[in-house]
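Please guide me through the salt bridges of this structure, telling me what to select at each stop and what is to be found there.

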Amino acid sequence: MLKLEHIGYEVEGNKEILHDINLELNDRFVAITGPNGGGKSTLAKIIAGILTPTEGRIWLDGEDITHLNITERARRGISYAFQQPVRFKGLRVRDLLGLAAGKTTGVTAACDMLSEVGLCARDYVDRELNDSLSGGEMKRIEIAMVLARGTKLSIFDEPEAGIDLWSFQNLIRVFEKMYEQTKGSILIISHQERILNIADRIIMIADGQVERMGTRDEILPALLSSTCKVLTDKME
Amino acid sequence: MIDQIQKDMLKAVADLDSLPVGAYNIRADGQSAARNTTANIDIVTKTDKPGIDIIIRPGTKKESVHIPVVISQSGLKECVYNDFFVGEDCDVVIIAGCGIHNCGAGDSQHDGIHSFFVGKNSKVRYIEKHYGDGDGAGKRVMNPESVVELAEGAEMQMETTQIGGVDDTLRKTTARLAAGAKLIIREALLTEGDQRADTDFTVTLDGEGASADVVSRTVAKGRSTQHYTSRVIGNAPCTGHTECDSIIMDQAKVTAVPELTANDLDASLIHEAAIGKIAGEQLVKLMTLGLTEQEAEEQIISGFLR
């Protein structure tokens, strides 16, 4: 459904962040892993339209979406959960969930999504998304927003970052349930073995290039033996 | 007596579709258009100057007073004095508001001086909305002044809103608090075009345990200018907090001037001020939910000014 052709991304000073990325994502659960600074988040932002690639094309269900902006891509069914959730003074959790869910779904259903991510909806719907919420709470609300949208492609940029271990167990269940109960595809950037372990396909990105990719069974054993550090450096 | 334009203004400033329940005084184009008093709340026309006295008997609870003002006559200028005498141990809501519809060439102006004398241990919630519309060249000018005196243990919460349409405004509030009194002010202000808004708060904390929390959230669009001053004077062991938080857009200009004076060792006073444009990442986040940039901006502003 998602195809990346020769995607390159350079910033000023000719610094190359991504180089000739070619990917065709047809699996329902794809995990992207690799060392920090390797270009994973940049690639996710390019897919969501937050960054424009300096080279290459992006196709979604046969449509060239390379020059579509963030809004247009969102409306075509791409959702994106930020690694660092954005705070808003004045906007409440219910406002954001309502915007995410759209008019058809409504806040009630969105509240169920809050429960899915382990937050008691009653305690949170009227809270402002300001500095009074902890990093972990913000992160769970961020994930709930993507669940509330229920689009055909949901991108999560390091959902485990900033979440404590207890919540992490539940987070895995959120993704498992999403996989089982929805029709959408999931693209997760993660360092977590337990997330990679439920992915259909794993892509390893390092130095701006696809270093390896394949099914979980093809990639994971090698990753665990050779690049254990990559997988665990976010666990502390 | 009240025409459709005035009805629309009443809806905008006081959420009124019909005459309110409880005590009210509706002023339209410089005249009293409707009035109702209750057993506990009396409204009396002043004899020495324009305006009314609102007298609330001690012990009055769960009652409200509406005193909206609407002006639809271009070029009308008025200065009105409304004095509220709230007895001891009351718990009341006062809803004020001013709407000016000006489609003529002359400037329309409403200067309202509201004085609140709040008795011991009384609670007052005061809601004030200001709104202007009409496409005439004449300006819509509002200069609201509030004078607040809170007796021992009295509490007052003021929620004031002015979202667009007012060309020129000087919003002045002075408050004096006795021991244990509490004042909460929440101001929301939006200016656009060539509008100008000056806000000036002076809160004097005279008694032990008095506390004030003054928060102003503003958005300045277009070529508008805003000037915000807050003075808090602590004359006793007390706590005071003021905050001015502004979103600046386009070619607008915003000035925030805090002034804190502690005349007592145990006066604890804080001021926070922040002025900045809408963060790019906030727009991006809302766009990833399917909103256009324009819709994202509107959501951010309406949430901020809520």
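## A tour of selected salt bridges

Begin by selecting Arg306(B), which counts as exposed in this predicted model, its relative accessibility being 52%. Keep it displayed and add Asp95(A), with which Arg306(B) forms a salt bridge whose closest N and O atoms are 3.0 Å apart. This pair crosses between chains, running from the segment after α3 (293–304) of chain B, where Arg306(B) lies, to helix α3 of chain A, which holds Asp95(A). In contrast to its exposed partner, Asp95(A) counts as buried, at 13% relative accessibility. Now add Arg92(A) to the selection, and a network of salt bridges linking Arg92(A), Asp95(A) and Arg306(B) is on display.

Next, select Arg94(A) together with Asp126(A), whose side chains meet in a salt bridge with an N to O distance of 2.8 Å. Arg94(A) belongs to helix α3 (residues 93–116) of chain A, while Asp126(A) sits in the loop between α4 (121–124) and α5 (135–149) of that chain, so that the pair links parts 32 residues apart. Asp126(A) is partly exposed at 48% relative accessibility, and Arg94(A) is likewise partly exposed, at 31%.

For the last stop, select Glu63(A) and Arg76(A), a salt bridge in which the closest N and O atoms are 2.8 Å apart. Because Glu63(A) lies in strand β5 (residues 63–64) and Arg76(A) in the loop between α2 (70–75) and β6 (78–81) of chain A, the pair ties together parts that are 13 residues apart in sequence. Glu63(A) is partly exposed, with a relative accessible area of 30%, and Arg76(A) counts as partly exposed at 31%.

To continue beyond these stops, note that a search of the whole structure finds 28 salt bridges over all chains.

Note on methods. Residues numbered from 1 in each chain as written. Chains lettered and ligands numbered in written order. Predicted model: local features only at pLDDT ≥ 70, side-chain atom pairs only at ≥ 80, totals over all residues. Heavy atoms only, no water. Salt bridge = Lys/Arg side-chain N within 4 Å of Asp/Glu carboxyl O. Helix = DSSP H or I, 4+ residues; strand = E, 2+ residues; numbered from the N terminus. Buried < 20%, exposed > 50% of the residue type's maximum accessible area, 1.4 Å probe, protein only.
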